[in-house]
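Let's take a walk through this model together, from the overall fold down to single residues. Keep the viewer open as you read.

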Amino acid sequence: MERILSGMRPTGRLHIGHLSVLENWRRLQNQYRCFFFVADWHALTTSFEETGGIKKNTVEMVADWLAVGLDPEKSVIFTQSDVIEHAELHLMLSMIIPLSWLERVPTYKDQVQQFKDQGKDIMTYGFLGYPLLQAADILIYRANAVPVGEDQLPHLELCREVARRFNFMYSSVFPEPKALLAKISLLPGVDNRKMSKSYSNDIGIFADPEDLTRSVNSMITDPARIRKNDPGHPEVCVVHKYHTIYSLDKVSGLEEECRKGGIGCVACKKMLHASLDSILYPLREKRKEIMSRQGYVQEILSDGAQRARAVAKETMKMVREAIKL
Ligand code: TRP
Ligand code: SF4
């Protein structure tokens, strides 16, 4: 069976924008041997000064994964720092990668500047090398494919180039992993900007019903509608964007009613709330059940680490042989 690897930084509770990513992972479990990991070392590349939340966020995030349907019987679910072979391979690869390959990663200079604007200096060795660490994450499992968002494509291309260089220089150890670009629904935040925790415009997957009400109520609608029978323009409305994803059966009817002023925004939002809640409610319940089991997530992670390590050790053996160490 072909192998897949993907990971996320432990940012804490996930928002609804992550839901389609996780649903994609869930589907892949049936066709591939999957490795899903928490990229806690990657969190250090930008938060090396504030490491206090990483452990807690790891458990919280994995609970989210399990609630959405990642299955530890099918997939290997683990934390990066539990498999130190990632670091050994990263070191080996650091010897053969030209510095210029890292410097030209398109996000690098942008991000350094972005952080500088926030008064933070991330001109570290670790930050420059983080796409190579990502390559090691993938290659250590000799993964054949990586489900990623478009923003990660340059990183994957770098990974392929590094694999090619290694295979050419020593011997053919690594498959060149291909990108699996899923159809990810890019939902805006409630204010119609990019959804992000830092803008406080995100909707948690596991938000309680009151939070969900608050979120839906604060969604921006068509500003041209003042009275409820004014004709509306659903294409500019955040509520409508969500209906197109979460109220499939009702969306064309709602759109028509909105255009002819047949439905008010309050009623339209109520329906969205109902659609969202019917999807999120079972996830919320499942998560509660997971968190109520003492030590359950930790157990899954330690079992996953063991299984991941077995494969990683195998790869490192091949790597050391190839390099003649
Ligand atoms: N860089 C990814 C992110 O920030 C996380 C990540 C680390 C990853 N290593 C990976 C994703 C390997 C896919 C494969 O989201
Ligand atoms: Fe948006 Fe619905 Fe109001 Fe139309 S009726 S503007 S789709 S909230």
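In this predicted model, the secondary structure of the protein comprises 14 helices and five strands. If you draw a box along the principal axes, the C-alpha atoms fill roughly 75 × 45 × 35 Å. The protein has 325 residues, and 50% of them count as buried. Take the contacts between residues at least 6 apart in sequence: 79% of these join residues at least 24 apart.

Now turn to ligand 2. Which residues surround it? The shell is made up of T221, D222, R225, C237, V239, H240, C258, C265 and C268. Sorted by class, that gives five nonpolar, two polar and two charged residues. Two helices, α11 (238-246) and α13 (265-292), each contribute at least two residues to this shell. The space that ligand 2 takes up is also the largest cavity.

Helix α13 comes up again when you look at α10, which spans residues 209-217 and has L212, S215 and V216 buried. Those three sit on the same side of α10, because they cover an arc of only 95° around the axis. What do they pack against? The buried residues of α10 pack against α13.

Stay with this part of the chain for K250, whose place is in the loop between α11 and α12 (251-259). K250 counts as partly exposed, because its relative accessibility is 30%. Setting aside residues up to four places away in sequence, K250 touches M271 and S275. You can also use K250 for a distance check: E235 is 15 residues away along the chain, and the two C-alpha atoms are separated by 16 Å.

Next, move to helix α2, residues 40-47. Its buried residues are D40, H42, A43, T45 and T46. These have many partners to pack against: β2 (33-38) and β3 (76-79) among the strands, and α3, α6 (106-117), α7 (125-128) and α8 (130-139) among the helices.

One of those partners, α3, covers residues 54-68 and holds K56. Is K56 buried or exposed? K56 is exposed, because its relative accessible area is 57%. From K56 to P147 is 91 residues along the chain, and their C-alpha atoms are separated by 25 Å.

For a contrasting environment, look at H155 in helix α9 (residues 153-169). H155 counts as buried, because its relative accessibility is 4%. Leaving out neighbours within four places in sequence, H155 is in contact with V105, T107, Y130, P131 and Q134.

Finally, a word on backbone torsions. Most residues other than glycine have a negative phi. With that in mind, select N192, which has a positive phi of about 75° although it is not a glycine. N192 is found in the loop between β5 (178-181) and α10, and it counts as partly exposed because its relative accessibility is 35%. S200 also lies in the loop between β5 and α10. The phi of S200 is near 50°, again a positive value in a residue other than glycine. And how does S200 sit with respect to the surface, buried or exposed? S200 is exposed, because its relative accessible area is 62%.

Definitions and conventions
Residues numbered from 1 in each chain as written. Chains lettered and ligands numbered in written order. Predicted model: local features only at pLDDT ≥ 70, side-chain atom pairs only at ≥ 80, totals over all residues. Heavy atoms only, no water. Near = heavy atom within 4 Å. 1 Å grid on protein atoms, 1.4 Å probe; cavity = no way out; pocket = protein on both sides within 12 Å on 5 of 7 lines; lining within 4 Å. Sits in = over half its atoms within 2 Å of the grid points. Helix = DSSP H or I, 4+ residues; strand = E, 2+ residues; numbered from the N terminus. Nonpolar A, V, L, I, M, F, W, Y, C, P; charged D, E, K, R; others polar. Buried < 20%, exposed > 50% of the residue type's maximum accessible area, 1.4 Å probe, protein only. Arc of directions from axis to C-beta. Contact = heavy atoms within 4.5 Å.
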